[in-house]
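Reader: Hi! Could you walk me through this one? I'd like to start with how the helices pack.

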Amino acid sequence: MNLTLTKIGKLYGKALFEISDELNQTTQVETQLSELALFFKANKVLGEVLVGRAFTNTQKENLLNDIGLKLGINAVLLNVIKLLACRGRIYQFEEVKSGFQFYKDKSQNTLRGKITASDQLEESQIKDLMSVFQKKLGKKVILEPVTDPKLIGGLVVELDGVTYDGSIKTALT
């Protein structure tokens, strides 16, 4: 990922988080960010329109206002999306979403990571591992399960920039 894009994601994500937190709207904004991510993926032409120069900023804002009204988008979130569109940065929406999540998690003393296994893990196994890491790190831990059939056995947990490799491959080397 391009460092400039990451900086933009953090900048806009932080601003979106701080304003929505001040207005006690973080849960609503978080939900709508996920919904909009799916909406943008399903409507790729919209992204092209919002990045392109065929429409003026006023036309882009009007289009987004109509979409926001129909989808019931939070006003703060809608303003951030319009700002991204007018600055030709709507393609960085996912990064803004990630930046928002980063600052929300930070404010709630939460770490997100992933747990990779060769087969699908049961929910109880994931919860047990989250509990172990929560005790070890003193923070709430959310692990996203990933299946990798190339993994012979064991688990690999990536959390807060650290990899905890309990795979059989690592044990054998």
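Author: Happy to. Helix 2 and helix 3 are roughly perpendicular to each other, with axes that cross at roughly 90 degrees and come within 4 Å. Keep in mind that this is a predicted model.

Reader: Thanks! Which residues make the contact between helix 2 and helix 3?

Author: Helix 2 brings F39, F40, K41 and A42, while helix 3 brings K44, L46 and L50. By type, the residues of this contact of helix 2 with helix 3 divide into 5 nonpolar, no polar and 2 charged.

Reader: And how do helix 2 and helix 6 run relative to each other, roughly parallel or roughly antiparallel?

Author: Roughly antiparallel. The axes of helix 2 (residues 26–42) and helix 6 (residues 93–107) cross at roughly 155 degrees and come within 10 Å.

Reader: Is that crossing left-handed or right-handed?

Author: The crossing of helix 2 and helix 6 is left-handed. On the helix 2 side, the contact is made by T26, V29, E30, L33, S34, L36, A37, F40 and K41. Helix 6 answers with F93, E94, K97, F100, Q101 and K104.

Reader: What's the mix of residue types in the contact of helix 2 with helix 6?

Author: They divide into 7 nonpolar, 3 polar and 5 charged.

Reader: Switching topic: what is the strand order in the sheet?

Author: The order is 2-1-3-4, in an open sheet of 4 strands with mixed pairing. Strand 2 (140–147) and strand 4 (162–167) each have a single partner strand, so one side of each has no neighbour in the sheet. On average, neighbouring strands are turned by 20 degrees against each other, direction ignored.

Reader: How many bridges link strand 1 and strand 2?

Author: There are 8 bridges, and the two strands pair in the parallel sense. For one of the partners, look at G113, whose bridge partner in strand 2 is L143.

Reader: Nice. Which strands does helix 7 lie across?

Author: Helix 7 (residues 123–137) lies across strand 1, strand 2, strand 3 (154–159) and strand 4. Relative to strand 2, helix 7 runs at about 140 degrees.

Reader: Last thing, since I'm thinking about charges: how many salt bridges does the structure hold?

Author: It holds 4 salt bridges. One pairs E18 with K14, where the closest N and O atoms are 4.0 Å apart. E18 and K14 are 4 residues apart in helix 1 (residues 3–22), so about one helical turn separates them.

Reader: Great, thanks a lot!

How values were computed. Residues numbered from 1 in each chain as written. Predicted model: local features only at pLDDT ≥ 70, side-chain atom pairs only at ≥ 80, totals over all residues. Heavy atoms only, no water. Axes fitted to C-alpha atoms, helices over the stretch in contact; angles between N-to-C directions. Parallel < 35°, antiparallel > 145°, perpendicular 65-115°, else oblique. Left-handed = near helix turned anticlockwise from the far one by under 90°. Contact = heavy atoms within 4.5 Å. Nonpolar A, V, L, I, M, F, W, Y, C, P; charged D, E, K, R; others polar. Pairing = 2+ DSSP bridges. Salt bridge = Lys/Arg side-chain N within 4 Å of Asp/Glu carboxyl O.
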